[in-house]
Amino acid sequence: LKELESVKTGDFTDEELEQLCQYQQVIVVDTCTMLHKEDLLEYITFDEAIRVPQIVIEELDKHKSNRYNPELAKIAQKAIKNIRREVALSDEYPMRFDYEKSHPVLVSDDFDAESNDCKILSVAQRYKEYTDVKVLVVTDDLNLQERAKSEDINTCTGTEFIEGRTV
């Protein structure tokens, strides 16, 4: 019952909701994008909140040790380094950056809630359902894009996101 009640409220305190309102949108990033555009976080402005699902950290951690593809390992290490840079800045900007656990109960019953894509999607779903802040999933994964769109969550690729910032 307690778990169900916390899902109803989205686990946000009034203080967290107030702090989130200072941001124009919450940007949820996925592993695929962090590997294709490891500098993506540099394009996120200080009026946008960043959410890195914990499964993304787990996947990057696996890739950073890839003995069979040293180039991929190097990219994953750089992505992790860029995430750590954002963590260092997070003290100055409350609620701007956070690692986020998945919320499988928020994913449609039609999806496999235990898939990594759905774990990422559940993070976006939490903000869509329980806050008034716009949500954007930045992903190069076409299946994740389609899943998010089916839940009325905005998406773009890493390239589209960066090009939209540098025009």
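**Figure 1. Strand E1 and its neighbour E2.** Two strands count as paired here if DSSP finds at least two bridges between them. In this predicted model, E1 and E2 pass that test with four bridges, and they run parallel. One spot to look for is Gln25, which stands opposite Glu48 in E2. The link between the two strands goes by way of a helix: E1, helix H3 (residues 31-36) and E2 make a right-handed β-α-β unit. As for cover, E1 is about as tucked away as a strand can be counted, with five of its five residues buried. Gln25, Ile27 and Val29 are buried on one side of E1, and Val26 and Val28 are buried on the other, so both faces are covered, given that buried means under 20% relative accessible area.

**Figure 2. Strand E1 meets strand E4.** Now look at the pairing of E1 (residues 25-29) with E4, which is parallel and spans five bridges. Two of the facing positions are easy to pick out. Val26 stands opposite Val135 in E4, and Ile27 stands opposite Leu136 in E4. Strand E4 covers residues 134-138 and is mostly covered, with four of its five residues buried.

**Figure 3. From E4 over helix H7 to E5.** E4 also pairs with strand E5 (residues 154-156), again in the parallel sense, and three bridges hold this pairing on the books. Val138 has Cys156 in E5 as its bridge partner. Together, E4, helix H7 (residues 142-150) and E5 make a right-handed β-α-β unit. Have a look at the loop between H7 and E5 too, since that is where Asp152 lies. Asp152 is not a glycine, yet it has a positive phi of about 60°. Asp152 has 64% relative accessibility and so counts as exposed.

**Figure 4. The whole sheet, with helix H5 lying across part of it.** Step back and the strands line up as an open sheet of five, in the order E3-E2-E1-E4-E5, with parallel pairing. E3 and E5 are the edge strands, each pairing on one side only. From one strand to the next, the twist averages 25°. Helix H5 (residues 70-89) lies across strand E2 (48-53) and E3, and runs at about 120° to E3.

**Figure 5. An edge-to-face ring pair, Phe97 and Tyr99.** A pair of aromatic rings is described by the distance of the centres and the angle of the planes. The model has three aromatic pairs by the rule used here. One of them is Phe97 with Tyr99, an edge-to-face pair at 5.2 Å centre to centre and 85° between the planes. The edge-to-face label applies because planes over 60 degrees apart get that name. How buried or exposed are the two partners, Phe97 and Tyr99? Phe97 counts as buried because its relative accessibility is just 8%, while Tyr99, at 34%, counts as partly exposed.

**Figure 6. Arg126 and two rings.** Which rings does Arg126 lie over? One is Phe12: Arg126 lies over its face, at 3.7 Å from the ring centre. The other is Tyr127, with the charged end of Arg126 over the ring, 5.5 Å from its centre. Arg126 turns up again in the next view, as a contact of His103.

**Figure 7. The loop between E3 and H6, seen at His103 and Ala113.** Both residues sit in the loop between E3 and H6, as given for His103 and for Ala113. The flanking elements are strand E3 (97-100) and helix H6 (116-130). His103 has a relative accessible area of 9%, so it is buried. Setting aside neighbours within four places in sequence, His103 is in contact with Ser122, Val123 and Arg126. On the same terms, Ala113 is in contact with Pro104, Cys118 and Lys119. Ala113 and His103 are 10 residues apart along the chain, and their C-alpha atoms are separated by 8.6 Å.

Technical notes
Residues are numbered from 1 along each chain as its sequence is written. This is a predicted model: local features need pLDDT of at least 70, side-chain atom pairs count only at pLDDT 80 or more; totals for chains, interfaces and linings use all residues. Side-chain values use heavy atoms; hydrogens and water are left out. Rings of Phe, Tyr and Trp (its six-membered ring) pair if their centres lie within 6.5 Å; planes under 30 degrees apart count as stacked, over 60 as edge-to-face and the rest as tilted. Buried means under 20% relative accessible area, exposed over 50%, partly exposed in between (1.4 Å probe, protein chains only). A charge sits over a ring if NZ of Lys or CZ of Arg is within 6 Å of the ring centre and within 35 degrees of the ring normal. Contact means heavy atoms within 4.5 Å. A crossover is right-handed if, with the strands pointing away from the viewer, the path from the first strand over the helix to the second runs clockwise. Axes are lines fitted to C-alpha atoms, for helices over the stretch in contact, and angles run from 0 to 180 degrees between N-to-C directions.
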